[in-house]
Amino acid sequence: MTRRPMSPVFDGAVVAVGSVLGIFALAHELIFFDVADPKYFLAVPLIMLMGWFPMLLGRAGGGIEIGLEACVLIFLAVVTTPVQAEAVWFLGCLGCQLLADKRTPTKLFNIGIGAMAGGIGIFCIQAARSSTPSTPRELFAAGLGAATYFAVDFSVSAVSLSLEEDLSISAGLRPTGALGALVAFLGIASLGYLAALVVRDLPPWSGILLAVPISTILVASRAQSRGSEHARRLKILLDTAVRVQTVSDRDAVMEALTIGASDLLRDERVRLRTEPPSGTEIGVAVHGCGEEMWVVGPALNRARSTAGDDRQGLTALVAVAEDAFARLRLSEDMAHLAWHDPLTGLPNRSLFMDRVEHAMEMQVRRGGQLAVLFCDLDGFKRVNDLFGHAAGDELLYEVGARIKSTVRTTDTVARLGGDEFAVLLEEVQHPDDVGASCERILEALRRRIEVAGEAVSVTTTIGVALSKPGDSADALLSQADLAMYHAKGQGKDRYETYRLSFGDERLQRIELVETLRRAIETRHLEVFYQPVVNLQTEAILGVEALVRWRRDGVLVPPDLFIPTAEESGLIVGLGALVLDIVAEHAPRLRAAAGHPLSIGVNISPPQLHTPAFEQQVHRAQEAMGDTQLVLELTERDFVSNDEETVASMTALASSGVNFAIDDFGVGFSAIGYLQRLPVSILKVDRSFLAHIEDDPKACSLVRSMVVMGEALGLDVVIEGVEREGQLQHVIDHAGGAIAQGFFFGRPLPIDEAIEALAASPPVEIGAARRVVPTGPLASA
Ligand code: C2E
Ligand code: CA
Ligand code: CA
């Protein structure tokens with residue numbers, strides 16, 4: 001049996017006893033060489049040969065190998081003197097160990113135990129046999145010797161191992177399959193006795209006959225023990241494979257791998273760790289479990305014949321585990337996809353709702369509050385239209401990152417879809433903290449964002465909902481959503497916290513949409529007209545059509561319903577109706593003015609995208625005769641022009657429609673579009689006029705817009721002139737020829753507008769310094 005001595009005293013004693021016995025016998029034979037029979041030394045190579053075919057016995061802490069060369073020992077003990085038998089046996093053990101691939105202490109121990117067990121076996125045979133050869137008693141003595149040899153070899157090995165591994169000795173002495181091994185061993189040993197009988201009673205060459213059964217048994221025993229070892233390994237491999245394929249986390253795979261490897265090496269000390277194996281260990285690298293790991297077990301006391309298989313088995317086990325890691329990674333990736341937004345990598349709506357629910361459960365137990373923030377970007381669509389979807393994606397990614405940078409790592413930032421983000425703030429101590437978080441998010445997004453080489457600005461509007469006992473996650477998110485809507489209504493780039501009344505507002509909004517829809521269907525909208533005048537002479541050059549909704553007898557201004565109409569899509573029908581009414585009124589207005597005039601009609605971008613729009617405009621133009629139709633779009637709408645819009649605007653312009661940029665100066669200031677689009681009028685936003693008298697900056701802004709517009713060959717209309725002082729200031733400092741404002745006239749119902757036109761001072765040819773080049777203003 002081959003094991004490595006570690007418990008030095010015990011192992012040293014074994015080596016000492018064995019060596020003394022062996023060396024004594026050898027020395028005796030060498031000194032009294034004439035007494036010895038030299039032919040028996042031929043058994044040495046036979047012992048060495050058989051030593052190569054050990055039987056493998058399972059045992060905790062590694063396998064034990066049993067050498068079948070003991071049959072040579074029995075043979076020697078029967079046919080020659082005990083001392084010579086021991087000397088030859090000792091030499092055989094020595095040769096066996098010299099050729100073995102083991103460490104020196106192991107070899108020494110194996111030589112010691114071989115010589116010792118051999119000596120005791122020989123002594124037993126000698127003591128038990130009678131002087132008459134070939135009797136049953138001699139057979140019994142041979143059997144007893146073999147059994148003793150086996151018992152000594154096995155128990156001394158087991159004790160040595162148990163001492164070395166700090167296991168209980170009694171456990172070490174209880175190996176699996178020891179009885180079977182003993183029977184096999186006795187069978188082999190009996191061949192030794194048979195050989196003795198043959199050599200003693202038959203001609204010596206007949207000994208060759210024994211080579212056949214002996215070699216057959218050797219090969220069969222080796223095949224059998226290897227076969228069962230392979231079966232055992234295969235079973236471990238399969239068990240481990242099944243286990244790792246059914247678990248759902250890495251730790252469980254690692255545990256299964258460790259258990260499998262321990263079973264495989266029959267060693268409890270197998271570990272999974274990050275350091276590679278040392279010189280006294282056997283190990284295989286494990287990839288795919290995060291950092292690189294090694295499955296490592298002790299190598300020094302591995303049975304010689306199984307060491308190679310051990311490594312191979314470990315490699316197979318590791319491959320099985322790596323496969324499981326790959327499977328887990330795949331399912332993790334899939335889970336990630338299912339729970340995350342692929343663009344920003346942030347949690348998606350499902351995961352967000354899950355987190356909110358979880359946080360609410362925790363909150364029930366721990367107390368305290370949590371907040372849900374619903375963030376909707378302002379002006380995202382424009383960026384998308386202007387710079388393309390790739391730029392839009394880039395922007396969303398950056399927005400996600402910025403929001404995330406403003407909250408704690410324990411808080412959740414999610415993308416709900418489109419340009420909507422949500423934030424879950426857990427453990428809110430005070431509602432003011434939520435306000436501070438909102439401010440941080442608003443601030444972070446006010447900084448311009450670089451996309452597609454341009455610095456663009458978007459802002460966000462935030463709705464906040466604070467949890468109350470009994471709320472559901474869904475309710476909380478809709479409350480935040482409602483609050484966000486409310487905040488948008490108050491103006492963008494701000495936050496609002498949900499209040500109960502917001503729900504009513506939502507209901508009111510739905511109701512508003514319905515009544516507006518009915519008003520459009522039944523043509524219950526009116527159009528008012530506001531004069532556009534020559535700044536110097538105050539002669540009316542044209543009018544701007546402004547829609548009004550008479551609801552329950554009250555005139556509702558467009559600011560209150562146009563946004564709703566735009567959001568609900570009603571704007572398309574509304575716009576068509578206004579165009580219709582204007583076309584109907586135009587001849588009367590023209591007649592009252594007594595000269596060609598222009599009528600401005602406000603349109604919203606969705607109208608430009610409807611296929612019927614061009615037709616509608618052409619119909620209106622026909623009805624208007626020599627009255628110039630001006631379509632007004634705000635500066636914001638111009639920025640978001642796509643190919644389609646540009647094409648339809650160009651087509652309309654070529655059929656004689658003029659385009660005006662409304663509210664110029666407050667939207668995006670990327671004014672490259674002025675060159676690309678068929679624009680002929682620029683309307684300076686009225687906000688600049690509000691402070692023109694006392695704010696030099698506002699004044700110079702108006703002047704530069706006038707200069708720029710004129711340089712581009714555009715008519716510049718200054719909006720919002722309310723007071724004489726403003727008018728004078730515009731004339732003195734800002735320049736400009738055309739104006740609009742309450743000072744000249746408020747928007748008026750059609751009949752009053754007709755009166756105003758009739759009373760207007762005549763338009764002097766050439767009095768307006770600058771006029772609409774292609775329109776009727778040009779001839780005014
Ligand atoms: P807008 O195109 O800028 O129209 C001018 C607005 O400024 C009108 O408000 C007008 O009453 C107001 N205004 C004119 N002069 C002065 C002034 O001196 N001081 C002040 N404070 N305000 C003045 P209104 O009629 O309430 O229209 C508001 C906005 O509604 C319009 O702004 C326009 O964008 C939109 N709108 C009006 N009618 C329509 C329409 O038929 N279709 C679409 N899509 N939008 C419309
Ligand atoms: Ca307008
Ligand atoms: Ca305007």
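Is Glu719 buried or exposed? Glu719 counts as buried, at 10% relative accessibility; here buried means under 20% relative accessible area, exposed over 50% and partly exposed in between, with a 1.4 Å probe and protein chains only.

A few ground rules before going on. This is a predicted model, where local features need pLDDT of at least 70, side-chain atom pairs count only at pLDDT 80 or more, and totals for chains, interfaces and linings use all residues. Residues are numbered from 1 along each chain as its sequence is written, chains are lettered from A and ligands numbered from 1 in the order in which they are written, and side-chain values use heavy atoms, with hydrogens and water left out.

**The two calcium ions**

Glu719 belongs to a metal site. Here are the protein donors, meaning N, O and S atoms within 2.8 Å of the metal (3.2 Å for Na, K and Ca); water is not among the atoms, so sites may look incomplete.

| Ion | Protein donors | Distance from ion | Spacing in sequence |
|---|---|---|---|
| calcium ion (ligand 2) | Glu544 (OE), Asn602 (OD1), Glu632 (OE), Asp662 (OD) | 2.1 to 2.2 Å | E-x57-N-x29-E-x29-D |
| calcium ion (ligand 3) | Asp662 (OD), Asp663 (OD), Glu719 (OE), Glu719 (OE) | 2.3 to 2.7 Å | D-D-x55-E |

Asp662 turns up in both rows: it bridges the calcium ion (ligand 2) and the calcium ion (ligand 3), which lie 4.2 Å apart. As for where the donors come from, Glu544 is in strand E14 (residues 540-551) and Asn602 in strand E16 (residues 598-602), so this pair ties together parts 58 residues apart in sequence. Helices (H or I, at least four residues) and strands (E, at least two) are DSSP runs, numbered from the N terminus. Glu544 is buried at 3%, while Asn602 is partly exposed at 29%. At the calcium ion (ligand 3), Asp663 and Glu719 are donors. Asp663 sits in strand E18 and Glu719 in strand E20 (residues 715-719), so that pair joins parts 56 residues apart in sequence. Asp663 is partly exposed, with a relative accessible area of 24%.

**Around ligand 1**

Asp662 shows up again here. Ligand 1 has 23 residues around it, and Gln530, Asp662, Arg686, Glu722 and Phe742 come nearest; a residue counts if one of its heavy atoms lies within 4 Å. Strand E14 gives the largest share of this shell, four residues. As for close approaches, a polar side-chain atom of Glu722 lies 2.5 Å from a nitrogen atom of ligand 1, and one of Ser604 lies 3.0 Å from a nitrogen atom of the ligand. An oxygen atom of ligand 1 is 2.6 Å from a side-chain N or O atom of Arg686. The protein covers 87% of the 790 Å² of accessible area that ligand 1 has on its own, by the Shrake-Rupley method with a 1.4 Å probe.

**Rings**

Phe742 has a second neighbour to mention: Arg746 lies over the face of its ring, at 3.9 Å from the ring centre. That label needs CZ of Arg (or NZ of Lys) within 6 Å of the ring centre and within 35 degrees of the ring normal.

The structure holds seven aromatic pairs. Rings of Phe, Tyr and Trp (its six-membered ring) pair if their centres lie within 6.5 Å, and planes under 30 degrees apart count as stacked, over 60 as edge-to-face and the rest as tilted. Tyr149 and Phe185 are stacked, at 5.8 Å centre to centre and 5 degrees between the planes. Tyr149 is in helix H6 (residues 136-165) and Phe185 in helix H8 (residues 178-201), 36 residues apart. Tyr149 is buried at 5%, and Phe185 is buried at 1%. Ring pairs link these two with Trp89, Phe150 and Phe154 into a cluster.

Notes:
A polar contact is a pair of N or O atoms within 3.5 Å; within protein, one must be able to donate a hydrogen and the other to accept it, and residues adjacent in sequence count only if both atoms are side-chain atoms.
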